[in-house]
Amino acid sequence: MHSETANVKSRVFLVDDHPMVREHLRVLVHQESDLEVCGEAADAPTALSLINQCKPDLVILDISLKQSHGLELLKNLRVLQPRLAVLVLSMHDEALYAERSLRAGAMGYITKQEATVNVLSAIRKVLSGQVYVSERMAGRMMRQVVGRRREEEEEIGSPLEVLTDRELEVFQMIGRGLGTRQIAEELRLGIKTVESYRARIREKLHLSDGNQLLQHSIQWVQKAGGG
């Protein structure tokens, strides 16, 4: 009787467009007696279809998919399967995306650098119904809560607060020094679409021209990355 319950494994689904990352995660998960990988996908449409079929307990989701943004997939999953636990895995510094991922419905956020050591702990914590972020990020989020009022008084508009997910992505890329054409190529968007995003970002952040946008984005990326 006891062996039947002991053999019940939590089902994990992997969404990442890098085969080597999926392979690494698959090996880690399969080494555990209480976990198993029930499916994998490299893009959002495949993920939505297969997740619906294999009914996982947890999805590990890369936020940077080639043909769509992982946060959009996360939001779709929250609508279609509200109780499904999602752990976001990202190469991005958690200061940029952890809070947005949790707001969008994730139960945890782990960087790919941290994942090698802590992904199994993160998986089990999220499966148990708890939220997983690194100790550094937990402290940062607490400081943000405490200092939120002062920040709002001092800043006209915080990018995290006023920009959409795609706008923040474009804003971050501007801050990393990418031009309009490079951003369009990387995100597979038209140049005019990227120019529209730039205009909306300037309007939302009350920036008068492209130079102000560039300066503001560089400062914000440096501040977020170094925080």
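The following conversation asks how several labels given to parts of this predicted model are justified.

Biologist: What is the overall make-up of the protein in helices, strands and buried residues?

Modeller: The protein has 12 helices and five strands, and of its 227 residues 45% are buried. Its accessible surface comes to about 12,300 Å², with 51% of that belonging to carbon and sulfur atoms. Among contacts between residues at least 6 apart in sequence, 65% join residues at least 24 apart.

Biologist: Why is the pairing of Arg 124 with Asp 34 called a salt bridge?

Modeller: The closest N and O atoms of Arg 124 and Asp 34 are 2.8 Å apart, and a salt bridge asks for a side-chain nitrogen of Lys or Arg within 4 Å of a carboxyl oxygen of Asp or Glu, so the label applies. Arg 124 lies in helix H6 (residues 112-127), whereas Asp 34 lies in the loop between helix H2 (19-30) and strand E2 (35-41), so the pair ties together parts that are 90 residues apart in sequence. The structure holds 15 salt bridges, this one among them.

Biologist: Are Arg 124 and Asp 34 buried, exposed or partly exposed, and what makes them so?

Modeller: Arg 124 has a relative accessibility of 32% and Asp 34 a relative accessible area of 28%. Buried would need a value under 20% and exposed one over 50%, so values in between are called partly exposed, and this is the label that Arg 124 and Asp 34 receive.

Biologist: What makes Arg 100 and Asp 165 count as buried, given that they form a salt bridge?

Modeller: The label rests on accessibility: Arg 100 stands at 8% and Asp 165 at 9%, and the cut-off for buried is under 20%, so both values qualify. The salt bridge is judged by distance, with the closest N and O atoms of Arg 100 and Asp 165 being 2.8 Å apart. The pair links distant parts of the chain, Arg 100 being in helix H5 (residues 94-104) and Asp 165 in helix H9 (residues 165-175), 65 residues apart.

Biologist: How do you know that Glu 186 and Arg 176 meet in a salt bridge?

Modeller: Their N to O distance is 4.0 Å, and the pair is listed as a salt bridge under a cut-off of 4 Å. Glu 186 lies in helix H10 (residues 180-187) and Arg 176 in the loop between H9 and H10, so the pair ties together parts that are 10 residues apart in sequence. Glu 186, at 45%, and Arg 176, at 42%, are partly exposed. Elsewhere, salt bridges that share partners join Arg 22, Glu 23, Arg 26 and Glu 40 into one network.

Biologist: Which residues touch the most other members of the largest nonpolar core?

Modeller: Of its 46 residues, these are Phe 13, Val 15, Val 59, Leu 61, Leu 73, Leu 74 and Ile 183. Leaving aside neighbours within four places in sequence, Val 59 is in contact with Phe 13, Val 15, Ile 51, Leu 84, Ala 85, Val 86 and Leu 87. A second, separate core of 20 residues includes Leu 89, Ile 110, Ala 115 and Tyr 132.

Biologist: What makes the pair of Phe 171 and Trp 220 tilted?

Modeller: The ring centres of Phe 171 and Trp 220 are 5.7 Å apart and their planes stand at 50°. Centres within 6.5 Å make a pair, and an angle that is neither under 30 degrees nor over 60 is counted as tilted, so that name follows. A search of the whole structure finds one aromatic pair, and it links Phe 171 in helix H9 to Trp 220 in helix H12 (residues 210-226), 49 residues apart. Phe 171, at 0%, and Trp 220, at 13%, are buried.

Biologist: Why is Cys 54 not counted as bonded to Cys 38?

Modeller: The sulfur of Cys 54 is 3.3 Å from that of Cys 38, its closest cysteine sulfur, which is too far for a bond, because a disulfide needs the two sulfur atoms within 2.5 Å. The count accordingly comes to zero disulfides. Cys 38 is partly exposed at 21%, whereas Cys 54 is buried at 14%.

Notes
Residues are numbered from 1 along each chain as its sequence is written. This is a predicted model: local features need pLDDT of at least 70, side-chain atom pairs count only at pLDDT 80 or more; totals for chains, interfaces and linings use all residues. Side-chain values use heavy atoms; hydrogens and water are left out. Helices (H or I, at least four residues) and strands (E, at least two) are DSSP runs, numbered from the N terminus. Buried means under 20% relative accessible area, exposed over 50%, partly exposed in between (1.4 Å probe, protein chains only). Contact means heavy atoms within 4.5 Å. Accessible areas come from the Shrake-Rupley method with a 1.4 Å probe; for residues, only the protein chains shown count as cover. A nonpolar core is a set of buried Ala, Val, Leu, Ile, Met, Phe, Trp, Tyr and Cys residues joined through side-chain atoms within 4.5 Å. Rings of Phe, Tyr and Trp (its six-membered ring) pair if their centres lie within 6.5 Å; planes under 30 degrees apart count as stacked, over 60 as edge-to-face and the rest as tilted.
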